[in-house]
Amino acid sequence: MPSSPLTQAIKDEVARLGSADIMVGIPSYRNAATIGHVVRAAQAGLVQYFPDLRPVLVNADAGSPDGTQRVVVETEPPGYVEQILLVRPTNRLQRVSLTYPEVDGVGGKGAALRTLFEMAAALEVEALVIVDSDLRSIVPEWIELLAGPVIKGGYDFVAPLYSRYKYDGTITNTVTYPVTRALYGHRIRQPIGGDFGVSGDLIRHYLSQKTWTEDVSRFGIDIWMTTTALTGGFAVCQTRLGAKIHDPKDPGSDLGPMFRQVVGTMISMAGDNADRWLDITGSHDVPAYGFERFVDPSPLEVNTLRLLAQFHAGSLTLADTWQQMLRPDNFECIVALARDAGRMAEAAANKLGMDAESGEGSAGHGGLPSTDDLSDAVADFHFPDDLWVRVVYDLMLSASFGELPLERLVAAFVPIYFGRVGRFIIENRRLSSEQAEERVERQAREFELLKPYLVDRWREAAAARAAAQTMVPDASAESGR
Ligand SMILES: Nc1nc2c(ncn2[C@@H]2O[C@H](COP(=O)(O)OP(=O)(O)OP(=O)(O)O)[C@@H](O)[C@H]2O)c(=O)[nH]1
Ligand SMILES: [Mg+2]
């Protein structure tokens with residue numbers, strides 16, 4: 001890891017706290033509206049479930065201008081929790097809100113977590129729980145569900161298991177879940193869920209890593225944590241948290257940068273760890289902790305037309321990159337699909353009185369039609385599972401063995417991801433959450449089934465590269481004679 005010395009203020013805080021057994025870390029950026037509830041739930045969880053441990057709660061904020069830190073500091077003190085839950089904890093809960101330093105000039109969620117790891121290591125905690133600050137559905141029990149497997153079960157890494165609305169978590173559903181499963185063989189359903197439990201040993205391992213990048217300082221952090229736990233051979237499990245309800249995002253407008261950071265990190269780690277996944281076939285379940293819950297998460301709306309329009313727009317500006325990135329037959333299929341997407345989105349926009357390019361409702365048209373109505377209007381758009389798997393694998397291959405830099409490839413891939421998400425939403429519009437889940441599983445099986453497509457090409461390219469490298473000294477020796 002690059003060095004990011006804690007600021008003097010943070011070091012002073014660590015010195016004041018001395019040591020702790022369990023820590024809850026909450027990264028935040030502009031979360032004044034929601035973080036109060038998260039802090040209250042986390043405090044209550046620490047006091048109620050771990051009354052004999054020495055607990056600390058730390059908020060690592062980006063210097064939010066909306067008063068996020070003030071909300072944390074002004075949230076009811078731990079004494080309030082003791083009163084309403086009628087518990088007498090042995091140790092007083094300590095609460096801190098601080099502004100974290102950037103890592104090599106880059107701030108973001110990952111940089112916030114980096115400070116939390118360093119503090120947790122300095123305090124010598126047994127378990128660190130990380131929870132997002134935009135959560136609505138967190139309850140005190142989440143702290144037990146995330147820390148319990150570490151403290152009681154000897155696990156090092158606890159990933160969340162939650163029901164999410166069928167259109168939420170699209171990067172997870174289309175890429176990080178199936179690729180992590182196919183590569184490393186562990187069925188971790190939410191590898192970038194954002195809410196984790198981590199052991200003291202794994203925190204020290206994180207801090208010893210040399211693979212920290214700018215993307216890891218941003219939203220690459222979650223897949224970095226999960227993958228580092230897997231490649232390091234740590235004991236991983238999942239925990240049943242119920243529903244994840246948080247600030248909603250529309251994939252087409254909010255998730256482009258996040259996709260680049262998450263997928264860029266996933267791919268560069270796959271490149272660094274090929275010897276750990278090339279021989280793995282199939283996958284296995286990962287143990288789950290906690291009682292089953294059946295809850296329906298709140299729905300969220302997605303602009304399907306904009307997703308398809310962006311897929312098409314990508315084909316107009318990025319075809320050269322796509323051609324270098326994808327195998328020729330896959331490239332032809334993708335370009336044809338993008339053309340379909342553009343044609344259907346335009347026809348649908350005309351019919352619904354919307355702007356075809358942006359997918360926005362035009363003036364005078366009251367609000368956007370619902371996701372279902374938008375999806376009905378483009379129901380004939382298809383994007384086959386096996387084509388998606390092949391293009392994701394092509395992306396991984398060209399990132400490791402091609403000419404173009406990873407950032408450019410991943411950025412160029414975003415519109416293709418939009419196309420795939422568009423199809424996923426169309427396909428799931430009339431389905432229940434369980435049926436949509438079955439589609440995610442079907443696609444994950446396809447990633448496993450086609451893994452030889454990736455592995456065979458990977459081995460060929462690696463062998464060709466090794467051969468080229470052994471040629472080079474000979475050639476220079478020749479010319480030197
Ligand atoms: N400290 C810090 N926290 C951040 C920053 N950006 C995001 N976060 C926090 O990271 C957490 C997750 O961010 P979200 O934007 O909710 O992302 P997400 O829920 O993982 O994304 P989706 O599941 O795809 O919607 C929240 O607690 C944010 O406050 C940042 O720049 N600095
Ligand atoms: Mg969120």
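**View 1. Helix α15 passes helix α18 in a left-handed crossing.** The model shown here and in the other views is predicted. The contact draws on I334, L337, A338 and A341 from α15. From α18 come I416, G419 and G422. By class, the contact residues split into 5 nonpolar and 2 polar, with no charged residue. Helix α15 spans residues 328-352, and helix α18 spans residues 406-428. Their axes lie 11 Å apart and meet at an angle of about 60°. Angles from 35 to under 65 degrees count as oblique, so α15 is oblique to α18.

**View 2. A319 sits in helix α14.** The helix covers residues 304-325. A319 has 15 C-beta neighbours inside 10 Å, so A319 counts as partly exposed. The cut-offs explain the label: a buried residue needs 20 or more such neighbours, and an exposed one has 12 or fewer. I334 is 15 residues away from A319 in sequence. In space, the two C-alpha atoms are 9.7 Å apart. I334 also appears in View 1, on the α15 side of the contact with α18.

**View 3. A shell of 22 residues surrounds ligand 1.** Y29, A62, A112, D132 and S133 come nearest to the ligand. Three elements each give two or more residues to this shell: β1 (22-28), β2 (55-61) and α5 (109-122). The shell is mixed in class, with 8 nonpolar, 8 polar and 6 charged residues.

**View 4. Helix α6 is largely enclosed by the rest of the structure.** The helix runs over residues 141-151. Of its 11 residues, 9 are buried, which is why α6 is described as largely enclosed. The buried set opens with W142, I143 and E144. L145, L146 and A147 are buried too. G148, P149 and V150 complete the set.

**View 5. Helix α10 is largely enclosed by the rest of the structure.** This helix takes in residues 221-231. Its label rests on a count: 9 of the 11 residues are buried, so the rest of the structure largely encloses α10. I221, D222, I223, W224 and M225 are among the buried residues. T226, T227, A229 and L230 make up the remainder of the buried set. G233 follows the helix. The phi of G233 is positive, near 75°.

Methods
Residues are numbered from 1 along each chain as its sequence is written. Chains are lettered from A and ligands numbered from 1 in the order in which they are written. This is a predicted model: local features need pLDDT of at least 70, side-chain atom pairs count only at pLDDT 80 or more; totals for chains, interfaces and linings use all residues. Helices (H or I, at least four residues) and strands (E, at least two) are DSSP runs, numbered from the N terminus. A residue is near a molecule or strand if its C-beta atom, placed from the backbone, lies within 6 Å of it. Ala, Val, Leu, Ile, Met, Phe, Trp, Tyr, Cys and Pro count as nonpolar, Asp, Glu, Lys and Arg as charged, and the others, Gly among them, as polar. Axes are lines fitted to C-alpha atoms, for helices over the stretch in contact, and angles run from 0 to 180 degrees between N-to-C directions. Angles under 35 degrees count as roughly parallel, over 145 as roughly antiparallel, 65 to 115 as roughly perpendicular and the rest as oblique. A crossing is left-handed if the near helix is turned anticlockwise from the far one by less than a right angle, and right-handed if clockwise. Two residues are in contact if their C-beta atoms, placed from the backbone, lie within 7 Å.
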